[in-house]
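User: Hi! I'm new to reading protein models. Can we go through this one together?

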Amino acid sequence: MTTGAQTPSHPARPRRSRLRRFLPLGVAAWLVLEIWLLTLVAGASNGLVVLLLLLAGLVLGSVVIKRAGRRAFRRLSEALQQQQSGAMPAAARPDSEGNGLMMLGGLLLMIPGLVSDAVGLLLLLPPVQKAVSRSAERTFERKLREADPGTLGGAFQQARMYRPDGKVVQGEVIRDEPGGGAPEQPRPPLTR
């Protein structure tokens, strides 16, 4: 039976970003390359050499992550002590830069595989860390310039209410400005 009402037309799906489109393919290619290289090394020598390489990467990666974590914690505690004493924080020391990249390098060393080990070792080199951090900073600044003007709070203006029957009601949060009329009363919860 037809009621004469038009069926709602669904808007076209937004285009997927390149990252979302090619990331699964890249991860699959990386896994295949890692497995192929490990079998190549195992064929050239033996399985014990591959096992020792993987264990060495695991141990070295854990040492790197532990060292970078200790350094970051020490730097944080020094900054907190300076803030509590009322002193101005000192300028960033050169050895405090790149803790995140060192941790990423250690994590890549811990992941089994030769390509991830090579990238992890590269991330431990200070010139590579500086180049990667400069590139990431430029990319972040460019993305900020391209973003719509407004506050970060604007990103959280969408709300979803889940009704008891399982349907999702999408809406917008509208806040009343203070001093605009009646005093604020407690509002009922969105869901039951």
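Analyst: Sure, and let's start with a definition: patches are made of residues with over 30% relative accessible area and no salt bridge, where like charges are joined within 9 Å and nonpolar side chains (Val, Leu, Ile, Met, Phe, Trp, Tyr) within 5 Å. A salt bridge is a side-chain nitrogen of Lys or Arg within 4 Å of a carboxyl oxygen of Asp or Glu. Accessible areas come from the Shrake-Rupley method with a 1.4 Å probe, and for residues only the protein chains shown count as cover.

Also, this is a predicted model: local features need pLDDT of at least 70, side-chain atom pairs count only at pLDDT 80 or more, and totals for chains, interfaces and linings use all residues. Residues are numbered from 1 along each chain as its sequence is written, and side-chain values use heavy atoms, leaving out hydrogens and water.

User: Which residues make the nonpolar surface patch of about 460 Å²?

Analyst: One member, Leu48, is found in helix H2 (residues 47–85). Leu48 counts as exposed (over 50% relative accessible area; buried is under 20%, partly exposed in between, with a 1.4 Å probe and protein chains only), because its value is 53%. The full patch is Leu48, Leu51, Leu52, Leu55 and Leu58.

User: What pattern does the protein follow along the sequence?

Analyst: Helices (H or I, at least four residues) and strands (E, at least two) are DSSP runs, numbered from the N terminus. The protein has five helices and two strands. In order, that reads α-α-α-α-α-β-β.

User: Where is confidence highest?

Analyst: We use pLDDT, the predictor's confidence in each residue, from 0 to 100. The protein averages 78, and 63% of the residues score at least 70. Strand E1 (residues 158–162) is lowest, at a mean of 51, while the highest, at 93, is helix H4 (residues 114–123).

User: Is Leu124 buried, exposed or partly exposed?

Analyst: Leu124 sits in the loop between H4 and helix H5 (126–146). Beyond its neighbours within four places in sequence, Leu124 is in contact (heavy atoms within 4.5 Å) with Val64, Met102, Leu109 and Gln129. Its relative accessibility is 24%, so Leu124 is partly exposed.

User: How far apart are Leu124 and Met102 in space?

Analyst: In sequence, Leu124 and Met102 are 22 residues apart. From C-alpha to C-alpha, the distance is 5.7 Å.
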